[in-house]
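Subject: Structure handover

Hello,

I am passing on the structure we spoke about, for you to take over. Please open it first and read the notes below with it on screen.

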Amino acid sequence: MSRAAAGGSAAGGTGAAGSAAGGTGAAGSGTGGSAGRVSDELRSAVVDCARAMVSDGLVIGVAGNVSARDGDKLVITPSGRRYDLLRPEELCVISLAGQPLDLPLRPSSELPMHLAAYRQTAAGAVVHTHSMFATSVATACPELPAIHYTIGFLGGPVRVVRYATFGTPELADGLRRALADRHAALLQNHGAVAVGQDVEQAYDRARLLEWLAELYYRSSRLGSPRLLSPAELDAFRAQAAALSYRTNDRPPGTGGPPET
C-alpha cells in the first residue's frame with residue numbers, strides 16, 4: 001500500500017456495538033474456523049490503514065473504522081480498540097449477510113453502514129473518518145460541490161447524508177442512497193465515508209475528500225468560489241479517459257491531490 005488506511009470503532013468509539021446489523025454477537029462469539037478465515041495480507045492492510053488514519057489526522061482516539069471485503073465476507077476493525085495496539089488477529093469477520101464468523105472482539109458499531117456500502121457498490125474496502133474539513137462541510141452544506149476537477153474521481157459532487165444516530169439502520173440506509181454512482185459520502189454532524197476497490201484506493205479517496213473539503217472551506221472564506229458545471233465535469237472525465245486514467249480513480253503516482 002502506498003498510504004495505508006483507516007480503522008477502528010464508530011462515532012468516537014464509545015458505542016456498545018454488539019449486535020450491529022445482522023445479529024453479530026458480543027466479543028468472543030462467532031464460529032471462527034475456516035468460515036472466518038481471511039488472508040493475512042488483507043488483515044494487515046486494514047490494520048495499517050487504521051494506524052495511518054490516526055497519523056494523518058483523519059481521526060482522533062479510536063474514532064472511525066475500516067473494513068475490507070474477501071469474497072462473501074468482510075473483515076472490520078473492532079470497537080474501542082486503540083489502533084497502535086490493534087493486532088491483525090483481533091479484527092472481526094462478518095458475512096455480507098451480517099452473520100458473525102469470527103469475533104475476537106466486539107465489531108465496530110458502524111458495521112450496518114459498512115454492510116450497506118458493500119450492498120450498494122462493488123467496493124472492496126470502506127474507510128470511515130472523522131476528518132476535520134469533511135466533517136465541517138457536512139455540518140453546514142447540503143453537498144460538497146464541484147470545487148475542483150478531481151472531485152470527478154469521487155464520481156462528482158459529494159452528497160451529505162442526513163443526520164442519524166451512529167450505528168443505526170437509518171444512518172446505513174442514508175449512506176446507501178448517497179453512494180449511488182459515487183465513491184464517497186459525507187455524514188451530517190458526523191464524518192465521511194469513502195469506498196474503493198481495495199483498502200489503498202478507499203483510503204486515497206478519503207484523503208482526497210478531505211483535501212477537497214479543505215479547499216472548499218478556504219475558497220469560501222475568500223468569497224463565492226466558482227464551481228465547475230456538469231459539462232466541465234463531463235469534459236474532465238473524457239480527458240481522464242483519453243489519458244488512460246481510470247475514471248473512478250486518481251492518476252497513478254500521486255501522494256497528494258491529483259495532478260495532470
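The notes below go from the whole chain to single strands, the cores and a group of rings.

Overall

Please keep in mind that this is a predicted model. The protein has seven helices and nine strands. Of its 260 residues, 54% count as buried. The accessible surface is about 10900 Å², and carbon and sulfur atoms account for 51% of that area. Contacts between residues at least 6 apart in sequence were also counted, and 71% of them join residues at least 24 apart.

Strand β3 and its partners

Strand β3 covers residues 92-95, and both of its faces are covered. C92 and I94 are on one side, V93 and S95 are on the other, and all of these are buried. That arrangement can be read against a general pattern: in a regular strand the side chains alternate between the two faces of the sheet.

β3 has a pairing with strand β2 (residues 73-76), antiparallel and made of four bridges. Within it, K73 is placed opposite S95 of β3. There is also an antiparallel pairing between β3 and strand β4 (residues 100-102), with two bridges. Here V93 is the residue opposite D102 of β4. β3 and β4 form a hairpin with four residues between the strands, and in this hairpin G98 has a positive phi near 95°.

Strand β9 and its partners

All six residues of β9 are buried. G191, V193 and V195 point one way from the strand, while A192, A194 and G196 point the other way.

Which strands does β9 pair with? One is strand β5 (residues 125-129), which runs antiparallel to β9 and is joined to it by five bridges. The other pairing to note is with β8, also antiparallel, through four bridges. A192 appears in both pairings: T129 stands opposite A192, and L186 stands opposite A192 too. The hairpin of β8 and β9 has three residues between the strands, and N189 in its turn has a positive phi of about 50°.

H190 is located in the loop between β8 (184-187) and β9 (191-196). Is H190 buried or exposed? With a relative accessible area of 9%, H190 falls under the 20% cut-off, so it counts as buried. The side chain of H190 makes a polar contact of 3.1 Å with the side chain of H128.

The nonpolar cores

The largest nonpolar core contains 51 residues. Those with the most contacts inside it are M53, V75, V127, L144, V158, L186 and L209. Helix α6 (residues 199-222) supplies the largest share of this core, with nine residues. A second core, separate from that one, has 23 residues, including L103, L111, A123 and A164.

V158 is a convenient residue from which to look around the largest core. Leaving aside neighbours within four places in sequence, V158 has contacts with E143, L144, I151, A184, A185, L186 and L209. L144, L186 and L209 are thus contacts of V158, and they are also listed with V158 among the residues with the most contacts inside the core.

The aromatic rings

How many aromatic pairs are there in the whole structure? The search finds three. One of them is the pair of Y149 and F236, which is tilted, with 5.6 Å from centre to centre and 45° between the planes. Y149 lies in the loop between β6 (143-144) and β7 (158-161) and F236 in helix α7 (residues 230-242), so this pair ties together parts that are 87 residues apart in sequence. Y149 counts as partly exposed because its relative accessibility is 28%. F236, at 10%, counts as buried.

F236 also pairs with F153: the ring centres are 5.0 Å apart and the planes are at 90°, so this pair is edge-to-face. It again links distant parts of the chain, with F153 in the loop between β6 and β7, F236 in helix α7, and their positions 83 residues apart in sequence. F153 and F236 are both buried. Through these ring pairs, Y149, F153 and F236 are linked into a cluster.

Regards

Key: Residues are numbered from 1 along each chain as its sequence is written. This is a predicted model: local features need pLDDT of at least 70, side-chain atom pairs count only at pLDDT 80 or more; totals for chains, interfaces and linings use all residues. Side-chain values use heavy atoms; hydrogens and water are left out. Buried means under 20% relative accessible area, exposed over 50%, partly exposed in between (1.4 Å probe, protein chains only). Contact means heavy atoms within 4.5 Å. Accessible areas come from the Shrake-Rupley method with a 1.4 Å probe; for residues, only the protein chains shown count as cover. Two strands pair if DSSP finds at least two bridges between them. A polar contact is a pair of N or O atoms within 3.5 Å; within protein, one must be able to donate a hydrogen and the other to accept it, and residues adjacent in sequence count only if both atoms are side-chain atoms. A nonpolar core is a set of buried Ala, Val, Leu, Ile, Met, Phe, Trp, Tyr and Cys residues joined through side-chain atoms within 4.5 Å. Rings of Phe, Tyr and Trp (its six-membered ring) pair if their centres lie within 6.5 Å; planes under 30 degrees apart count as stacked, over 60 as edge-to-face and the rest as tilted.
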